[in-house]
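Reader: I am new to reading structures and would like to go through this one with you. Please give the rule behind each term as we go.

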Amino acid sequence: MLKEFKNVKVNYEADAIIDIGGKSYKIHDCIEGEDILVETEGKYPSLAKIIQPSLYRIQDGCPYQKECGGCQFMHMEYRYELEQKKKYLNELFKGIKNIPPIEIIPSFEYYHYRNKSQMTYKLSKTKRIVCGFYEEYSHRLITVDNCMLQAERANLVIRELNKILSKHKIRPYDEKTKEGILRHVLIRYGYQTKELMLVLVTNGEMFPGRNNVIKDLMKLNLNITTIVQNFNARDTSIVLGDKNKVLYGTGYIYEKIGDYRFKISPNSFFQVNSLSMKKLYTLALNQANIKKTDIVLDAYCGVGTISIFASKYAKEVIGVELSKSAIQDAIGNVKMNHITNVSFICDDATNYITHAAKAKTNFDILIMDPPREGSTPQFIEALSYLKPKKVIYISCNPITLKRDLNIFKDIDYKITSILGFDNFPKTKHIEVITVLELRK
Ligand SMILES: C[S@@+](CC[C@H](N)C(=O)[O-])C[C@H]1O[C@@H](n2cnc3c(N)ncnc32)[C@H](O)[C@@H]1O
């Protein structure tokens, strides 16, 4: 049955909130004020038609949007998306007094900006191997071979690889039967260097037909610089296992950001939006206002990108990171860029900072860029002993950032600015740079 809803109210994730028989439902991919037609039968009500589209709706969006759910803002103009993100941040942080209104810095590109693609394999109805993304909140795989966020080069490799895998009858891994070989593919692309890394994630070390796949891939001259097999036999949603076997090339690629070159291995974190990375770091470091006499701690440093960008302003930079692979890359990156005032420690950031506080180590500036889960209360509390004069908190999750900023309230820091940075266009995700200063 079809039901019309006029002038809908929409939440931050672009869901119209509608009421059917006293029950509230979310209808994806809407824009505030639109008139919509909803199919009310079926497991959940779904969008049947937009009767009166918003002026901000665009028609050339992604054909997979309805099913895939990865891009909440694909159907709206970019300037409107930025307005929504700005509104969201100002609303979320409205309790923080004496800071200027939060602005949002746009991304350089809003399509095909992702340097990292991660997809899962399955067998199609016609018995061909295909890959795609899981539908939101489900284990149904949506076949995608032309994602509008991934690098176009990665999409091309995915399509060619699918043909080759089908030709050699490579069997995708089936989660239910636990049979088959190939689970996921991970592609990393260097936008400046044009280097391409292909990681084939298998359910174990066995990979019959592997050499034929590589031979056919290399014949296509797609500039694949390295191919790695990653073993992941675990029953989790984590894509990569811990063990890699290099099948072709060196096992890593390089990317150039600003004046620096970075080595990236399969398991190391690297910001996904290469095109905006220099802008993000420049904005963060401008706010840090580092002096030539300053010692900087770069906590959660990944492959050392921020440490390396900060090195030219500081006396010394120390990077701390949990991942061994990232630290190995970071050490290599410092050498490759001829930098002599940066060193790295492989440790849990909370463990490191707690010991540094006990040892009364001196840090003038702290830059922290934790994963989505945010930092820990112990990490933040240690700052009341270390007392860096400034903290730059870079976060890719405003919710955990808000939680962590609440802990800062209880120690001697005041928030002086919050800035949104659109590192993830077309999706609900936002990067945020917060500046905190030690009270005098
Ligand atoms: C958002 S990334 C930031 C990396 C880097 N600052 C950059 O811009 O590329 C977060 C990093 O924190 C690391 N990490 C996760 N948990 C950690 C922990 N408990 N201690 C230290 N590092 C951790 C991850 O491996 C990842 O490299």
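Reader: What separates the centres of domain 1 and domain 3, taken over C-alpha atoms?

Author: The distance is 36 Å between those two centres, computed over C-alpha atoms. The model is a predicted one, in which local features need pLDDT of at least 70, side-chain atom pairs count only at pLDDT 80 or more, and totals for chains, interfaces and linings use all residues. Residues are numbered from 1 along each chain as its sequence is written.

Reader: What makes these stretches domains, and where do they lie?

Author: The bounds come from an automatic or database domain assignment. Domain 1 covers 2-57, domain 2 covers 82-109 + 274-438, and domain 3 covers 116-257.

Reader: How do you know which strands of β1-β4-β5 are at the edges?

Author: The open sheet has three strands in the order β1-β4-β5, with antiparallel pairing. Strands are DSSP runs of E, at least two residues long, and helices are runs of H or I of at least four, numbered from the N terminus. Two strands pair if DSSP finds at least two bridges between them. β1 (2-5) and β5 (46-52) each have a single partner strand, so one side of each is left without a neighbour in the sheet. Strand β4 (residues 35-39) is joined to β5 by five bridges, so the pair meets the rule of at least two. Within it, L37 stands opposite K49 in β5.

Reader: What is the order of the sheet of seven strands?

Author: The order is β9-β8-β7-β10-β11-β12-β13, an open sheet with mixed pairing. Its edges are β9 (141-143) and β13 (243-248), each with a single partner strand, so one side of each has no neighbour in the sheet. Neighbouring strands are turned by 35° against each other on average, direction ignored; axes are lines fitted to C-alpha atoms, for helices over the stretch in contact, and angles run from 0 to 180 degrees between N-to-C directions.

Reader: Which helix packs on this sheet?

Author: Helix α3 (residues 152-167) does, touching β7, β8 (129-134), β10, β11 (196-202) and β12 (224-231). Contact requires C-beta atoms, placed from the backbone, within 7 Å. The helix direction makes about 150° with that of β10.

Reader: How many residues surround the ligand?

Author: There are 19, the closest being F269, Y300, G302, L322 and A349. A residue is near if its C-beta atom, placed from the backbone, lies within 6 Å. Elements giving two or more residues to this shell are α6 (305-311) and β17 (316-321).

Methods
Two residues are in contact if their C-beta atoms, placed from the backbone, lie within 7 Å.
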